[in-house]
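Thanks for making room for this on the agenda. I would like to go through one structure with you, with some attention to its helices and to its empty space.

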Amino acid sequence: MAAPIAYAERTSYALIATDLDGTLLRGDDTVSDRSLTALARVSAAGARHLVVTGRPAPRVRPLLKFLGGGGLAVCGQGAQLYDAGVDRLLWSVTLDRELAETALGKIEAEVGTVYAAVDQDGVDGLTLIEPGYRMPHPTLPAVRVGRRDDLWCEPISKVLLRHPALSDDELASVARSVVGSLATVTMSGPGTVELQPSGITKATGLALAARHLGLRPEDTIAFGDMPNDIPMFDWAAHGVAMANAHPELKAVADEITLSNEDDGIAVVLERLLTEGLRPQRLGGRRPSVGTKVQ
């Protein structure tokens, strides 16, 4: 009797791009066993997992080690392409500090005092916070400085903003209206409105990483939860929003999965491995939670 033939799993996407906070990570900054298993399965099937995050490279390094990755990661909202295998930036763009100060002045002229922080450039760059700024992720390390001028002591990749009264949506809207071409304004999570180098988005870094890996947009499925993921969804063949995602991202997603707390990424990857099929775009229709696109 002939031995049974073993069929390897396969997935039609060669690149799995995942945001971290609110997407792959649970609220306690951990990754579930189910998600880890699903990522291991797609890797075994030949796909590459790429972290695409607003966190700067130094804040991503420990997580990449936990994920077992020695490859690339897109950090700093696309301003950094980090190679974990050699612990260095293959590419980075800094935000001009004079332009950042000018942009802050324009925002404060409209809404009053805002509180600012910066991520310094480099694999060992610090996160500096001025008096009054409160870190949205208390588990991430930061150094408090005595005055705003101290934020500009070294090259930076971005500025993080908080307002004592305005919502994130309100602050981001005002910032976009007055900053113009000085910087790109994005919103990456609760309490996280950011200024990054003009023209730089997650799609910038994702496209660069994909070219480095010899892959294309049509090879890519992307997962996210906030408006800063919209450019990434526009670039990738298929964009999957989490159930906990911001309404702006859900409106442009091709699919909505379960929340980050309910293993939403794993649910989609397991389905793709089972079906071995590539979902098609919805043609502008907004999907409902749990929508499976045939």
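Let me begin with a small question about the backbone: which residue, just after α5, takes a positive phi? In this predicted model, that residue is Gly 180, and its phi is about 60 degrees.

Going back into the helix itself, α5 runs over residues 168-179, twelve residues in total, and from its first C-alpha to its last it reaches 16 Å, which is close to the 16 Å expected at 1.5 Å a residue. The buried residues in α5 are Leu 171, Ala 172, Ala 175, Val 178 and Val 179. They lie on the same side of α5, because the arc they cover around the axis is only 140 degrees. As for what they pack against, the buried residues of α5 meet the helix α4 (97-111) and the strands β9 (156-162), β10 (184-189) and β11 (192-196).

Those three strands come up again when we turn to the interior space, since β9, β10 and β11 each supply at least two residues of the lining of the largest cavity. How many cavities of 30 Å³ or more does the structure hold? It holds one, and about 250 Å³ of space lies in the largest cavity. Its lining is made up of 24 residues, and those nearest its centre are Asp 21, Arg 55, His 137, Thr 192 and Glu 194. By residue class, the lining of this cavity divides into six nonpolar, nine polar and nine charged residues.

Then there are the open pockets, where I will speak about the second largest, which holds about 170 Å³ of space. It is lined by 17 residues, and the closest to its centre are Asp 21, Gly 22, Gly 27, Asp 29 and His 137. Asp 21 and His 137, then, are named among the residues nearest the centre of the largest cavity and also among those closest to the centre of this pocket. The elements α1 (20-24) and β10 each give at least two residues to the pocket lining, which divides into five nonpolar, seven polar and five charged residues.

With α1 in mind, let me move to α2, which spans residues 33-44, has twelve residues, and also reaches 16 Å from first C-alpha to last, close to the 16 Å expected at 1.5 Å a residue. Which residues of α2 are buried? They are Ser 35, Ala 38, Leu 39 and Val 42. Seen down the axis, these fall within an arc of 95 degrees, so they line one face of the helix. On the other side of α2, Asp 33 and Ala 44 are exposed. The buried residues of α2 pack against β1 (15-18), α1, β2 (48-52) and α9 (264-275), and the helix is followed by Gly 46, whose phi is positive and near 105 degrees.

I will finish in α9, where Gly 264 is found. Is Gly 264 buried or exposed? Its relative accessibility is 1%, and therefore it counts as buried. Leaving aside residues up to four places away in sequence, Gly 264 touches Met 242, Thr 257, Leu 258 and Ser 259. Its C-alpha also lies 7.9 Å from that of Thr 23, although the two residues are 241 residues apart along the chain.

Key:
Residues numbered from 1 in each chain as written. Predicted model: local features only at pLDDT ≥ 70, side-chain atom pairs only at ≥ 80, totals over all residues. Heavy atoms only, no water. Helix = DSSP H or I, 4+ residues; strand = E, 2+ residues; numbered from the N terminus. Expected span 1.5 Å × (residues − 1). Buried < 20%, exposed > 50% of the residue type's maximum accessible area, 1.4 Å probe, protein only. Arc of directions from axis to C-beta. Contact = heavy atoms within 4.5 Å. 1 Å grid on protein atoms, 1.4 Å probe; cavity = no way out; pocket = protein on both sides within 12 Å on 5 of 7 lines; lining within 4 Å. Points joined across faces, edges and corners; volume = space filled by probe spheres on them. Nonpolar A, V, L, I, M, F, W, Y, C, P; charged D, E, K, R; others polar.
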